[in-house]
Amino acid sequence: MTDSWTPGIGDTVCDTATRRIGRVMDRTSGLYQLRPLKGGIEWDADPRDLRPAAASDLLSAEVAVANVRSRTTLM
C-alpha cells in the first residue's frame, strides 16, 4: 500500500498477499475485512498488502469465476 492511499469502506482492492480481489467491509484492530465481490466469507488483510484494484484485476477475477462455473456446470 502506498503511504498516500488509504482504502475506504466499499472500495474494491487487491490483496497482494492472497492475490484476491475484495470489497472493503470494515477495519478493526489494524486489519481490513474484505469480502469477495460475488459475496462469501470475509477475510482479514494487512493494509500493507492492499492496493486499489485495477480494471485488469477485476477482469481476471471475473474470468476465474467463469472458469470455475464452466468446470462445475453439468451438461
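A charge sits over a ring if NZ of Lys or CZ of Arg is within 6 Å of the ring centre and within 35 degrees of the ring normal. Here that describes arginine 20, whose charged end sits over the ring of tryptophan 43, 3.7 Å from its centre. Keep that pair in mind, as both residues come up again below.

A word on what you are looking at. This is a predicted model, where local features need pLDDT of at least 70 and side-chain atom pairs count only at pLDDT 80 or more, while totals for chains, interfaces and linings use all residues. Residues are numbered from 1 along each chain as its sequence is written, and side-chain values use heavy atoms, with hydrogens and water left out.

Now for the overall layout. The chain has 1 helix and 5 strands (helices are DSSP runs of H or I with at least four residues, strands are runs of E with at least two, and both are numbered from the N terminus). Going along the sequence, you meet them in the pattern β-β-β-β-β-α. Taken along the principal axes, the C-alpha atoms fill a box of roughly 50 × 25 × 20 Å.

How far can you trust the picture? The predictor's confidence in each residue is pLDDT, from 0 to 100. Its mean over the chain is 89, with 93% of the residues at 70 or more. Among the elements, strand β4 (residues 43–45) has the highest mean, 98, and α1 the lowest, 82. Where pLDDT is low, the predicted coordinates should not be read in detail.

Next, the largest pocket. A pocket is found on a 1 Å grid over the protein atoms alone, as an open set of points where a 1.4 Å probe fits, with protein on both sides within 12 Å along at least five of seven lines; lining residues have an atom within 4 Å of a point. The largest one has a volume of about 190 Å³, a volume being the space filled by probe spheres set on the points, which are joined across faces, edges and corners. Arg20 and Trp43 are both in its lining, along with Ile21, Pro36, Leu37, Lys38, Ala61, Glu62, Ala64 and Val65. β2 (20–28) and α1 (55–72) each supply at least two of the lining residues, and α1 gives the most, with 4. By type, the lining has 7 nonpolar residues, no polar ones and 3 charged ones (nonpolar covers Ala, Val, Leu, Ile, Met, Phe, Trp, Tyr, Cys and Pro, charged covers Asp, Glu, Lys and Arg, and the others, Gly among them, are polar).

Lysine 38 is in the loop between β3 and β4. It counts as exposed because its relative accessible area is 59% (exposed is over 50%, buried under 20% and partly exposed in between, with a 1.4 Å probe and protein chains only). Lysine 38 and glutamate 62 are 24 residues apart in sequence, and their C-alpha atoms are 9.4 Å apart in space.

Two other loops have something to show. Most residues other than glycine have a negative phi. Arginine 19, in the loop between β1 (12–15) and β2, has a positive one, near 60 degrees. Serine 29, in the loop between β2 and β3 (31–36), has a phi near 55 degrees, again positive. Arginine 19 is exposed at 78% relative accessibility, and serine 29 is exposed at 76%.

For the other extreme, try strand β1, where you find cysteine 14. Cysteine 14 counts as buried because its relative accessibility is 7%. Buried residues make up 23% of the 75 in the chain.
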